[in-house]
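Okay, thanks for making time, everyone. I'd like to walk you through one model, and please shout if I go too fast.

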Amino acid sequence: MKIFLGTEHHLHHPPFEILDGRRVAYFETPQRISIILNALVTAGFPSPIAVPPATLADLQTVHTADYLAYLAHAYERWQAAGLTAPVLPSAWPLPGLRLRSDCPQAAAGRYTFDLSAPIMEGTFAAACSAAGAALAGADALLQGERFAYALCRPPGHHAAANMAGGYCFLNNAALAADRLARSHTGGDTTWALRAPTVAVLDIDYHHGNGTQSIFYARNDVLTVSLHADPAYEYPYYLGYVDERGTGAGEGYNLNIPLPHGIDDAGYLATLDQALQAIADYGPRYLVVSAGFDTFHADPLGHFALTTAAYRSIGMAIARLHLPTLIVQEGGYAIDALGANVVALLTGVETYATP
């Protein structure tokens, strides 16, 4: 399995976030990558391939030009205004409010939907580096690889076309899925005329609201998400069963909210349902948003999965017999993070090896 790494992830290192009204140390730290890398080396996986960052042209396939301009210049505009880093919103333009102001404070609220995506000087460079790893993984599948792992940081599945949030700035999995889909259509953007091409399976604890929104009106990318019920868990406003897609995309979005405290057996049984839905769709490629905050000791999750479950998840995914890109998302129980990632990737390779 080829492993792709964006080497500039360490440039994003905010000093804090605001979580449920409290100022706390930032959970999504650079240490997560070094822990995973050390575990992969110990387990005998090949050295990661360092790849260049995504270009602006790459990013514009999924993200809007105005949002990308915001990300690229938010920190310098914030500093120029004499504001104290990091960049964080203090007001949001809810429906009925006007969007005329473009001062740094207003822009932060326009393009960031929560307080867990603070922007520092190196944030945009780090996000482009992560996106580059995901795109390199997609290209590897197009070149004939069966499996690839993109070690992305910052993660991406909460990032919408024009909005950051939940530690995410650029949607790595969506960029990869879009590249795979476009590879078989000559870049055609008439979604209603496309054949099924890609499925995205999101197994992070939190719903991938950004990925859902990007593909919600498309039928060439099926999005399937197993996640904590948004009735009690972040992101609260998306991730419900009745969200099935719109227009050409109606019926191509599947959400499976799960209860507090679900264990290995319950999770794996539900995963089988999700994988059957993917098999019925008949995609050429699979992109997995792999979050490990489903682990029983994760500080930001409330499921009860063990390390052994991730090996079983990997084997179940491999049984689809699809070229598969695994994209790193969440996972904040750092003492177990490396072992959990190794378990998932080992499960994939164990089943796939003749």
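I'll take the helices first, then the empty spaces, then some unusual bits of backbone. Keep in mind that this is a predicted model.

So, let's start with helix α3. It covers residues 65–80, which is 16 residues. From its first C-alpha to its last it reaches 22 Å, close to the 22 Å you'd expect at 1.5 Å a residue. Where is the kink in α3 centred? On H73, and the angle there is about 55°. After the helix you run into G82, which has a positive phi, near 80°.

Now look at which side chains α3 tucks away. The buried ones are Y67, L68, Y70, L71, A74, Y75 and W78. And what do those buried residues pack against? Three other helices: α2, at 56–59, α4, at 104–111, and α5, at 123–142.

Let me take two of those partners in turn. In α2, have a look at D58. Is D58 buried or exposed? D58 has a relative accessible area of 18%, and the cut-off for buried is under 20%, so D58 counts as buried. Its side chain reaches the backbone nitrogen of T55 at 2.9 Å. If you set aside the neighbours within four places in sequence, D58 is in contact with L135, L175 and R179.

Then α4. Here P104, A107, A108, G109 and Y111 are buried, and α3 is among the things covering them. A106 is in this helix too, but at 26% relative accessibility it counts as partly exposed. If you want a feel for distances across the model, take A106 and G347: they are 241 residues apart in sequence, and their C-alphas are 46 Å apart in space.

Okay, on to the empty spaces. Rolling a probe the size of a water molecule over the atoms shows where there is empty space left. How many cavities of 30 Å³ or more does a search of the whole structure find? The search finds 1, and the volume of that largest cavity is about 70 Å³. It has 13 lining residues, and the closest to its centre are D202, G208, T223, V224 and S225. The elements giving two or more residues to that lining are β6 (198–202), α7 (209–215), β7 (221–228) and β8 (253–258).

Let me stay with one of those lining residues, S225. It's in strand β7, and at 6% relative accessibility S225 counts as buried. Leaving out neighbours within four places in sequence, S225 is in contact with D202, H207, G208, L254, N255 and I256. You'll recognise D202 and G208 there, since both are also among the residues closest to the cavity centre.

There's a pocket to show you as well. The largest pocket has a volume of about 870 Å³. It is lined by 40 residues, and nearest its centre you find D114, S116, Y234, P235 and Y236. Both β2, at 17–19, and α7 supply at least two residues of that lining.

That brings me to the backbone. As background, most peptide bonds are trans, and most residues other than glycine have a negative phi. Which residues are joined by a cis peptide bond with omega of about 10°? Y234 and P235, both of which we just met by the pocket centre. P235 is in the loop between β7 and β8. Another cis peptide bond joins R153 and P154, with omega of about 0°. P154 sits in the loop between β5 (147–151) and α6 (172–182).

Still in that loop between β5 and α6, please find Y167. It isn't a glycine, yet its phi is positive, at about 75°. Y167 counts as buried, at 5% relative accessibility.

And compare D20, in the loop between β2 and β3 (22–24). D20 isn't a glycine either, and its phi is positive too, at about 50°. But is D20 buried or exposed? At 65% relative accessibility, D20 counts as exposed.

So if you open the model after the meeting, I'd begin with the kink at H73 in α3, then turn to the cis bond between Y234 and P235. Happy to scroll back to any of it.

Notes:
Residues numbered from 1 in each chain as written. Heavy atoms only, no water. Helix = DSSP H or I, 4+ residues; strand = E, 2+ residues; numbered from the N terminus. Expected span 1.5 Å × (residues − 1). Bend = angle between axes of the 7 residues up to and from the residue. Buried < 20%, exposed > 50% of the residue type's maximum accessible area, 1.4 Å probe, protein only. Contact = heavy atoms within 4.5 Å. Polar contact = N/O pair within 3.5 Å; in protein donor to acceptor, adjacent residues only side chain to side chain. 1 Å grid on protein atoms, 1.4 Å probe; cavity = no way out; pocket = protein on both sides within 12 Å on 5 of 7 lines; lining within 4 Å. Points joined across faces, edges and corners; volume = space filled by probe spheres on them.
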